[in-house]
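Here is a short tour of one protein model. Have a look at the picture and the sequence, and then we can go through a few of its residues together.

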Amino acid sequence: MINILKFAISVLALTAACLAQESLTIDNKHKERVPTSEAEKIYSSACLVVREEFDVKTPLLPRVKLVLGTSKNGVLWDEREIWLTRWDPYLFAQGVVMLAFADLMTGDRRMVMTKRAMNWADATVEIERLAK
């Protein structure tokens with residue numbers, strides 16, 4: 001039984017690493033030593049956290065390009081890039097979370113949420129107006 005469990009965990013770990021490699025690329029401008037396996041592990045964990053937080057049933061593996069050696073830290077939304085001046089696992093995780101969340105927020109979903117927000121705003125009335 002323990003051997004089967006160990007095998008299943010190994011298969012899941014390898015699958016996660018393979019999926020991460022397909023969706024995560026690294027551009028190292030200054031040839032800084034980057035722990036690729038650490039970046040892949042953080043990528044997979046960040047995607048899983050977003051997936052669990054928003055109760056998403058389908059796999060969530062956003063296309064992400066990590067660019068190291070840039071002049072400033074940031075996320076380029078349209079290019080799906082995380083720019084880091086140097087390797088920082090926490091900033092990288094934050095960027096992956098932001099891009100994974102952006103994948104969840106499709107245009108249709110954004111419009112549904114906007115309409116719901118407007119309906120809720122229209123449904124509330126100040127107590128002074130009720131007294132009149």
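## A walk through the model

This protein has five helices and four strands. Keep in mind that what you're looking at is a predicted model. If you start at the N terminus and follow the chain, the elements come in the order α-β-α-β-β-β-α-α-α.

Now for some overall numbers. The protein has 132 residues, and 25% of them count as buried. Its accessible surface comes to about 9,700 Å², with 60% of that belonging to carbon and sulfur atoms. What about contacts across the sequence? Take the contacts between residues at least 6 apart in sequence: 46% of these join residues at least 24 apart.

Let's zoom in on a single residue, Thr70. You'll find Thr70 in the loop between strand S2 (64-68) and strand S3 (74-76). Is Thr70 buried or exposed? Its relative accessibility is 11%, so Thr70 counts as buried, because buried means under 20% relative accessible area.

Which residues does Thr70 touch, leaving aside its neighbours within four places in sequence? They are Trp83, Leu84 and Thr85. The side chain of Thr70 also has polar partners, and here they are with their distances:

| Side chain | Partner atom | Distance |
|---|---|---|
| Thr70 | backbone oxygen of Lys72 | 2.7 Å |
| Thr70 | backbone oxygen of Leu84 | 3.3 Å |

So Leu84 turns up twice: it is among the contacts of Thr70, and its backbone oxygen is reached by the Thr70 side chain.

Next, a look at the backbone. Most residues other than glycine have a negative phi. With that in mind, check out Asp55 and Arg80. Asp55 isn't a glycine, yet its phi is positive, near 50 degrees. Arg80 isn't a glycine either, and its phi is also positive, near 60 degrees.

Where do these two residues sit? Asp55 lies in the loop between helix H2 (36-53) and S2. Arg80 has its place in the loop between S3 and strand S4 (81-84).

And how about their surroundings? Asp55 has a relative accessibility of 53%, so it counts as exposed, because exposed means over 50%. Arg80, on the other hand, has a relative accessible area of 13% and is buried.

To recap the loops: Thr70 is a buried residue between S2 and S3, Asp55 is an exposed one between H2 and S2, and Arg80 is a buried one between S3 and S4.

Conventions
Residues numbered from 1 in each chain as written. Predicted model: local features only at pLDDT ≥ 70, side-chain atom pairs only at ≥ 80, totals over all residues. Heavy atoms only, no water. Helix = DSSP H or I, 4+ residues; strand = E, 2+ residues; numbered from the N terminus. Buried < 20%, exposed > 50% of the residue type's maximum accessible area, 1.4 Å probe, protein only. Contact = heavy atoms within 4.5 Å. Areas by Shrake-Rupley, 256 points an atom, 1.4 Å probe, with all protein chains shown as cover. Polar contact = N/O pair within 3.5 Å; in protein donor to acceptor, adjacent residues only side chain to side chain.
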